[in-house]
Amino acid sequence: MVGTITRARCANCGAVLQPGFDPQGKCPKCALELHCCKQCVHFDTSSQFECTQPIPERIPKKDARNECTFYSFRTTIEKDTAPTGAVASPAAPAEHGSSRPSSARKAFDDLFRK
């Protein structure tokens with residue numbers, strides 16, 4: 001079963017930001033300011049002034065650093081598709097001396113065996 005993981009990504013280049021990153025700093029890959037509207041959880045292009053919070057005026061540059069008091073860095077919950085680590089070794093070697101537990105053809109045949 002696939003698990004989930006909470007990740008922070010750069011809104012500009014999509015780079016995964018390491019845990020403990022400085023939200024007041026810049027993206028290590030593309031140098032986008034992390035304290036900007038594009039990185040904020042309240043950024044919404046369909047809302048007034050492109051923000052879901054009651055800001056008094058529109059912030060014109062959404063990718064430039066600002067000092068908004070409503071700022072909160074956006075994190076997402078993604079599927080964790082990383083390899084699970086160790087794979088159980090087979091008890092006996094497969095046919096023809098291969099170290100693989102079974103061939104694809106044998107697995108297919110086993111699946112549809114009557």
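**Exercise 1.** Find the side chains that make polar contacts with the side chain of Glu78, and decide whether Glu78 is buried or exposed.

*Solution.* Start with the side chain of Arg7, which makes a polar contact of 2.9 Å with that of Glu78. A polar contact is a pair of N or O atoms within 3.5 Å; within protein, one must be able to donate a hydrogen and the other to accept it, and residues adjacent in sequence count only if both atoms are side-chain atoms. Next, look at Arg9: its side chain joins that of Glu78 through a polar contact of 2.8 Å.

A word on the model: it is predicted, so local features need pLDDT of at least 70 and side-chain atom pairs pLDDT 80 or more, while totals for chains, interfaces and linings use all residues. Residues are numbered from 1 along each chain as its sequence is written, and side-chain values use heavy atoms, with hydrogens and water left out.

Now place Glu78: it sits in strand E3, residues 76–80 (strands are DSSP runs of at least two E residues, helices runs of at least four H or I, numbered from the N terminus). With a relative accessible area of 17%, Glu78 is buried (under 20%; exposed is over 50%, partly exposed in between; 1.4 Å probe, protein chains only). Finally, list the residues that Glu78 touches, leaving out those up to four places away in sequence: Gly3, Thr4, Ile5, Arg7 and Arg9. Contact here means heavy atoms within 4.5 Å.

**Exercise 2.** Work out how the rings of Phe108 and Phe112 are arranged.

*Solution.* The structure holds two aromatic pairs (ring centres of Phe, Tyr or Trp, the last by its six-membered ring, within 6.5 Å). For Phe108 and Phe112, the centres are 5.0 Å apart and the planes stand at 55 degrees, so the pair is tilted. That label fits planes that are neither under 30 degrees apart (stacked) nor over 60 (edge-to-face).

Then check exposure. Phe108 is partly exposed at 44% relative accessible area, whereas Phe112 is exposed at 57%.

**Exercise 3.** Which element holds Leu111, and is Leu111 buried or exposed?

*Solution.* Leu111 lies in helix H1, residues 104–111. Its relative accessibility is 62%, so Leu111 counts as exposed.

**Exercise 4.** Describe the overall make-up of the chain.

*Solution.* Count the elements: one helix and three strands. Their order along the sequence is β-β-β-α. For burial, 20% of the 114 residues are buried. Lastly, of the contacts between residues at least 6 apart in sequence, 51% join residues at least 24 apart.
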